Amino acid sequence: MPVLVKPEGFPEIRGKMLRQTPLAAYTWLRVGGAADMLFLPKDEADLAMFMAQKPADLPVFVMGAGSNLLVRDGGIAGVVIRLGPAFGALQVEDEVFIRAGAAVPDKMLAKFAAKSGIGGLSFYSGIPGSIGGALAMNAGCYGTETADVLHSVIVIDGFGRRKGVGVDELNYTYRSCGAPKDWIFVEALFKGQKANTEELLQQMQKINDKREQSQPIREKTGGSTFKNPPLLKSWELIDQAGARGRKVGGAIMSEQHCNFMINVENASADDLEQLALSVRKSVKETSGIDLQWEIKRVGRS
Ligand SMILES: Cc1cc2nc3c(=O)[nH]c(=O)nc-3n(C[C@H](O)[C@H](O)[C@H](O)COP(=O)(O)OP(=O)(O)OC[C@H]3O[C@@H](n4cnc5c(N)ncnc54)[C@H](O)[C@@H]3O)c2cc1C
């Protein structure tokens, strides 16, 4: 069991600071070592105070729902931050805007928007992450991405300062955000348009049916392993390289969607990383293309 600690010289936080907390259970791939320390801030002020007062050289990593993370077997140095219920608010503003806390699951935002008669956010019903992760990854699917529906965000920066930032300042590109690496997203304001609740619920159902058929969504996976290169599909390149169903240790490239890795038999993080690296090498040999990671690999080998 992780031990509650107040490390010496650390800010007097009001949330929890847990030592040597295994992170596998917090990730979709269910692999990886422990966080040296896991900080669960009580609320935004607690988070801001921690960031303002923490030692300058202390590494900090923020995780969301862990649906795009490969945490390596050696765990993560320094402090891992997870945002909890205090960052879980959802509220309609000015009829077509929704303010959402960073810990809100994407699917919950989609459902809330539908029930509020606000269209444009249904695509989130197919993405298993949190709003914080969606903002950091520019998550999207079926032709819409976060940058298309985002108005602005609230962040806590590396010095604990609270800032409001417009979407244009975040320099979004495909599955990537150009914000400074030490910004922690705490809130987002999305802009939709008036729509019919029944139709939105049907849209969401269609998205979920499509996913059920085409992706191994009930497995231990991290979603797409590699980004799609411009005008190409990674899964096609992987298929052409003969890597569909390739296995390393307990890790396999899904037969159903061969850009998805699955932890089938107690894989280690290293099994998964080696599998992806071998697939990447095969794709380079057969097509000349260097696939770029979409999954974020973090921590010590
Ligand atoms: C079955 C499955 C299907 C998927 N389908 C899609 C899809 O269709 N489209 C798509 O885009 N993605 C998809 N993904 C990938 C994943 O769900 C998204 O990338 C998601 O946005 C990650 O959110 P998360 O909360 O899980 O973030 P995490 O995986 O925990 O973290 C991802 C990154 O976000 C950063 N981050 C998280 N929270 C914050 C915060 N508050 N402030 C700053 N940085 C933060 C982390 O540091 C990390 O760099 C899928 C994954 C799975 C498992």
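**View 1. Trp 235 in helix 6 of the predicted model**. Trp 235 is partly exposed, because its relative accessibility is 32%, and the partly exposed class runs between 20% and 50%. The residue belongs to helix 6. Phe 260 is 25 residues away from Trp 235 in sequence. In space, the two C-alpha atoms are 8.4 Å apart.

**View 2. Asn 263 and its contact with Ala 267**. Asn 263 is part of strand 19, which covers residues 260–263. Is Asn 263 buried or exposed? Asn 263 is buried, because its relative accessible area is 4% and the limit for burial is under 20%. A polar atom of the Asn 263 side chain lies 2.8 Å from the backbone nitrogen of Ala 267.

**View 3. The shell around the ligand**. The ligand has 33 residues around it. Val 62, Ser 67, Ser 130, Gly 140 and Arg 211 come nearest. By class, the shell holds 17 nonpolar, 13 polar and 3 charged residues. Which elements supply at least two residues each? They are strand 4 (60–63), helix 3 (131–137), strand 10 (140–141), strand 14 (184–191) and strand 16 (221–224). Helix 3 provides the largest share, 5 residues.

**View 4. Oxygen atoms of the ligand and their protein partners**. The side chain of Arg 211 places an N or O atom 2.6 Å from a ligand oxygen. Arg 211 is also among the residues that come nearest to the ligand. Two further pairs use the protein backbone. For Asn 68, a backbone N or O atom is 2.8 Å from an oxygen atom of the ligand. For Gly 133, the corresponding distance from a backbone N or O atom to a ligand oxygen is 3.4 Å. How much of the ligand's accessible area does the protein cover? On its own the ligand has 970 Å² of accessible area, and the protein covers 94% of this.

**View 5. Asn 68 in the loop between strand 4 and strand 5**. Strand 5 spans residues 69–71. Asn 68 is buried, because its relative accessible area of 14% is under 20%. Gly 129 is 61 residues from Asn 68 along the chain. Their C-alpha atoms are separated by 7.8 Å. Asn 68 also pairs a backbone N or O atom with a ligand oxygen, at 2.8 Å.

**View 6. The largest nonpolar core**. In soluble globular proteins, nonpolar side chains tend to be buried together. Here the largest such core has 33 residues. Which residues have the most contacts inside it? They are Leu 109, Tyr 124, Leu 150, Val 153, Leu 170 and Phe 190. Two or more core residues come from each of strand 8 (97–101), helix 2 (106–115), helix 3, strand 12 (150–156), strand 14 and helix 5 (197–214). Helix 2 gives the most, with 4 residues. Helix 3 and strand 14 also each supply at least two residues of the ligand shell.

**View 7. Ile 98 in strand 8**. Ile 98 is buried, because its relative accessible area is 0%. Ser 254 is 156 residues from Ile 98 in sequence. The two are 36 Å apart in space, C-alpha to C-alpha.

**View 8. Cysteines without a disulfide**. How many disulfides does the model have? The count is 0. For Cys 141, the nearest cysteine sulfur is that of Cys 177, 18 Å away, so the 2.5 Å limit for a disulfide is not met. Cys 141 is buried, because its relative accessibility is 9%. Cys 258 is in no disulfide either, and its nearest cysteine sulfur, that of Cys 141, is 19 Å away. Cys 258 counts as buried, because its relative accessibility is 1%.

**View 9. Positive phi at Asp 94 and Leu 231**. Most residues other than glycine have a negative phi. Asp 94 has a positive phi of about 45°. Its place is the loop between strand 7 (90–93) and strand 8. Asp 94 is exposed, because its relative accessible area of 66% is over 50%. Leu 231 also has a positive phi, near 65°. Leu 231 sits in the loop between strand 16 and helix 6 (234–240). Leu 231 is exposed, with a relative accessible area of 92%.

How values were computed. Residues numbered from 1 in each chain as written. Predicted model: local features only at pLDDT ≥ 70, side-chain atom pairs only at ≥ 80, totals over all residues. Heavy atoms only, no water. Near = heavy atom within 4 Å. Polar contact = N/O pair within 3.5 Å; in protein donor to acceptor, adjacent residues only side chain to side chain. Areas by Shrake-Rupley, 256 points an atom, 1.4 Å probe, with all protein chains shown as cover. Nonpolar A, V, L, I, M, F, W, Y, C, P; charged D, E, K, R; others polar. Buried < 20%, exposed > 50% of the residue type's maximum accessible area, 1.4 Å probe, protein only. Core = buried A, V, L, I, M, F, W, Y, C linked by side-chain atoms within 4.5 Å.
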